[in-house]
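Me: I would like to learn how to read local and packing features from a model, one feature at a time. Could you take me through some cases, giving the general idea before the particular one?

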Amino acid sequence: MTCDTSSSGCDLDILDSLSDDSILEISENWNGFCASSESLLKGSDGDDSSLNAEFVMRAQNLCKHGLASLVEQHLFRSIEEIFERNGARRFWSYFEPYSNFAPSETNKDPILEEEIQQVICKALEEISSQKQFQEKCLSFLAHALQSYEEDKLQEKANPDSIRDYLFSKYQLIVSSVLLTSLPHHFPGILHWYFKGRLEELSTIAAANSEDEDELGMNDKMDLDEKTKLPYKCGDMDSDINQKYAVFSENNKLVKNIGMVVRNLRNIGFTSMAEDAYASAIFFLLKDKVHDLAGDDYRSSVLESIKAWIQAVPLQFLRALLDYLGDFTSCDGPSSGLKSPLASHPSLCYSGTGIPSEGLVRWQLRLEYYAYETLQDLRIAKLFEIIVDYPDSAPAIEDLKQCLEYTGQHSKLVDSFISSLRYRLLTAGASTNDILHQYVSTIKALRTIDPAGVFLEAVGEPIREYLRGRKDTIKCIVTMLTDGTGGNPNGPGSSGDSLLEELNRDEESQENTIVDDDINTDDKQAWINAQNWEPDPVEADPSKGSRYRRKVDILGMIVGIIGSKDQLINEYRVMLAEKLLNKSDYDIDAEIRTLELLKIHFGESSMQKCEIMLNDLIDSKRTNTNIKATIKHQAQPEQRDLDLSLDNLNATIISSNFWPPIQDEAVNLPEPVEQLLTDYAKRYTEIKTPRKLIWKKNLGSVKLELQFEDRAMQFNVTPLHASIIMQFQDQKKWTSKDLAAAVGVPVDVLNRRINFWISKGVLVESMGADSADHAFTLVETMNDTGKSGTIDGGCEELLAGDEDGERSVASVEDQLQKEMTVYEKFISGMLTNFGSMALDRIHNTLKMFCIADPTYDKSLQQLQSFLSGLVAEEKLEFRDGMYFLKK
């Protein structure tokens, strides 16, 4: 064997100063060293002490001549060549047959799974033995170098320093040789191996559990028990630790895993081994979180997940670290390290009394991953969770805790806004449903974020969308007054009823002292200052400080409209409609609602509504007084119809404070007209000089129609009653004659008479004129060919039930009427300027319409009016500009 003179670590210039005898000695020792090192590394006569002694002697002699670096380089080169040829190639050859198998495919075949497990263990044991043998050879070189250093320095050298240097250099060679030829599928095989072993350990732990419910492994547990589970798990850490301490360094499965990890570390794959079993642990933990959480939002799972982490992964890691000798004490600077994610102190594992620093770090990693996984799972299903709120309150509480530790609130905001746009803010969703979801969102996110910072960001797309819907105000007022959360078919105690929220506001104002700087003493002010925290970056800087903000559901709902006046006007119209359709004077619910609204909107804003309710109270009193003056002197007409003032209840309104009332002319039967006249006369006597002006089309009439074979009861409008009363004396009418008798247009008659036709009271037939239909009274059911009778039932048809007709003009109709005054102003502006944008028209009207009538409309109201003019083809709208229609 010859020396490579180009080696950078060997100074051959020293040979020029040597004698011939020295050169011969060096040559002889070099040849002997090469031969002995080759025999030693090949393993031939590996146990021969004479060969070992010769190797050491030859190395020492070469070192004496200053050739220590040459000796070291030659041996390492030989070791590297042999390890690459006999170690690395053979090691990777074990895994070549499995290069085309994905981990998911191997999981399906238990035989193949067992085979690969055996191959991993065998390959690692073989290459570890090869490495151990070469390290033994290196120890002989270390002995030779140590002896040379002692002879040179005439003192005892440190054997560990030379040995550590050689072994660390050899470790780098082994790692580099293996990594340069690493197959791409080997990390996946390792991950699959550790995943399978951990699943096996988890199964063992479950089998040894006397009560699987404590770790949430029983998916069929009773709901009430599952709800109480977090508290049980939190108080019984030591019991769970004892029950599930089935892993130890003496456990056969743990020993097998430990041997694989130790051998991987031995060949320099420490990082790869940790990544493999760490990824397997995280994969198993993710499956466990999904299994426990699932789609059940009515129970908390966070404590169950943490209990499982303590029972399975951490127990396994403790046993593994014990086996590997890495279970170090925490007596150093990090003693007492505690998981900030745990609601209870870290476990003191058996035999130590102090938690291992390595285990606590693992606990930190596992718990954070669990929090993040559960958080992502709940955020992805947040829309469904809020739909089920408040039943899903436990899931919201879990999400709150997760966000407190991960701080990923922005992920919640972005994901939930995306879900809202895709699933809620669409044309197919009704306004009631959107408002229902919005109120539930406010309540749910108020739990997560009491300051309302993130609620502002989440709620803005909903508010913006609702502003574009025409029926938003009407739906809000319905939610406000009917106590069913905007759902007419829902229960009166709906969870998102605004009336319920108003009740809470009233109670809070009575029982809560206003927290104001003026009323806060210096001590409390100092405490508030110490507890101050800056707003998150997502916060709107215009909303004020975080600790001052309070989530007000009603305030946020009103914020959709932008003006409380619009909401009050809509409520006023709906209240008037409800009061005018009442058949009695029971307004207790309306009074209660009004009092609550006055708390929020102020008494002055609700003054007109209060007068409307007072009108009902006064009407009841006046009606009682008038009836008390009745003298039993019935008129002949009244005896025919059996009518008296006892049959009449009048609602007397102050028209100046009520919304515009729909007035429709109608001719009532003469006895009814006489009754109204008599009532008005008696009213004038009591309330001189006031007089009554009857709105004859409003109100309700209770009728009982008696036929030859049946009797039917109805509660209908005056017009419907007037129509059917005409058939008392005349059994058949044409549409024109009947319309003239009732005093309404023919088209109105044809719409209203359909009610009686549908009830089988009248039948319709063609008259002499095709445009003039005939209507005939049905005395018996045989006349219509129908079977069966209707007896004793009461059918109701009140104003507003037919064709969308109302007793009170709607807010839109009132606005249209009020805005008509400004039509000439708008036409004049467009004549002068040619074209104008909406903002400019709005600002110009505000600037110049300051006299009566004063322009006080909103931009949205003006836009609605202009859209009507465009529909009527009076204006054109192009590219955001309005033009006069030419």
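Me: Where is the place of aspartate 879?

Reply: Bearing in mind that this is a predicted model, you will find aspartate 879 in the loop between S8 and S9. Strand S8 covers residues 875–878 and strand S9 covers residues 881–884, and the two run antiparallel, joined by four bridges. To fix the register, take leucine 875, whose bridge partner in S9 is leucine 884.

Me: What phi does aspartate 879 take in the hairpin of S8 and S9?

Reply: The general idea is that most residues other than glycine have a negative phi. In this hairpin, which has two residues between the strands, aspartate 879 takes a positive phi near 55°, although aspartate 879 is not a glycine. As for its surroundings, aspartate 879 counts as exposed because its relative accessibility is 80%, the cut-off for that class being over 50%.

Me: Which sign of phi, positive or negative, does glutamate 873 have?

Reply: Glutamate 873 has a positive phi of about 65°, and this residue is not a glycine either. Its place is in the loop between helix H35 (859–871) and S8, and with a relative accessibility of 56% glutamate 873 counts as exposed.

Me: How should I read the peptide bond from tyrosine 389 to proline 390, as cis or trans?

Reply: As a general matter, most peptide bonds are trans. The bond from tyrosine 389 to proline 390, however, is cis, with omega near 10°, and proline 390 lies in the loop between helix H15 (382–387) and helix H16 (393–406). The bond from threonine 688 to proline 689 is also cis, with omega near 5°; proline 689 is found in the loop between helix H28 (670–686) and strand S1 (701–706).

Me: Is isoleucine 396 buried or exposed, and which residues does it touch?

Reply: Burial is read from relative accessibility, with under 20% taken as buried. Isoleucine 396, whose place is in helix H16, has a relative accessibility of 1% and therefore counts as buried. Leaving out residues up to four places away in sequence, isoleucine 396 touches Leu382, Ile385, Tyr389, Ala444, Thr447 and Ile448; Tyr389 has already appeared here, as the residue that precedes proline 390 in a cis peptide bond. Isoleucine 396 and serine 299 lie 97 residues apart in sequence, and their C-alpha atoms are 9.9 Å apart in space.

Me: Is serine 419 buried or exposed?

Reply: Serine 419, found in helix H17 (residues 409–423), counts as buried because its relative accessibility is 18%. Once neighbours within four places in sequence are set aside, serine 419 is in contact with Phe383 and Leu424.

Me: How do the axes of helix H19 and helix H23 cross?

Reply: Two packed helices are described by the angle between their axes and the distance between the axes. Here the axes of helix H19 (residues 453–467) and helix H23 (residues 553–561) come within 8 Å and cross at roughly 40°, and the two helices are therefore oblique to each other. The crossing of H19 and H23 is right-handed. On the H19 side the contact is made by Leu455, Arg463, Leu466 and Arg467, and on the H23 side by Met556, Gly559 and Ile560; by class, this contact has four nonpolar, one polar and two charged residues.

Me: In what order do the three strands of the open sheet stand, and which strands are at its edges?

Reply: The order is S3-S5-S4, with antiparallel pairing. Strand S3 (732–734) and strand S4 (762–766) stand at the edges, each with a single partner strand, so that one side of each has no neighbour in the sheet. From one strand to the next the twist averages 25°. S4 and strand S5 (residues 773–777) run antiparallel and are joined by five bridges, and leucine 762 stands opposite leucine 777 in S5. Helix H31 (residues 746–758) packs on this sheet, touching S4 and S5, and the direction of H31 makes about 125° with that of S4.

Me: How many helices and strands does the secondary structure of the chain come to?

Reply: The chain comes to 35 helices and nine strands, and 45% of its 886 residues count as buried. Among contacts between residues at least 6 apart in sequence, 74% join residues at least 24 apart.

Conventions
Residues numbered from 1 in each chain as written. Predicted model: local features only at pLDDT ≥ 70, side-chain atom pairs only at ≥ 80, totals over all residues. Heavy atoms only, no water. Axes fitted to C-alpha atoms, helices over the stretch in contact; angles between N-to-C directions. Parallel < 35°, antiparallel > 145°, perpendicular 65-115°, else oblique. Left-handed = near helix turned anticlockwise from the far one by under 90°. Contact = heavy atoms within 4.5 Å. Nonpolar A, V, L, I, M, F, W, Y, C, P; charged D, E, K, R; others polar. Pairing = 2+ DSSP bridges. Buried < 20%, exposed > 50% of the residue type's maximum accessible area, 1.4 Å probe, protein only.
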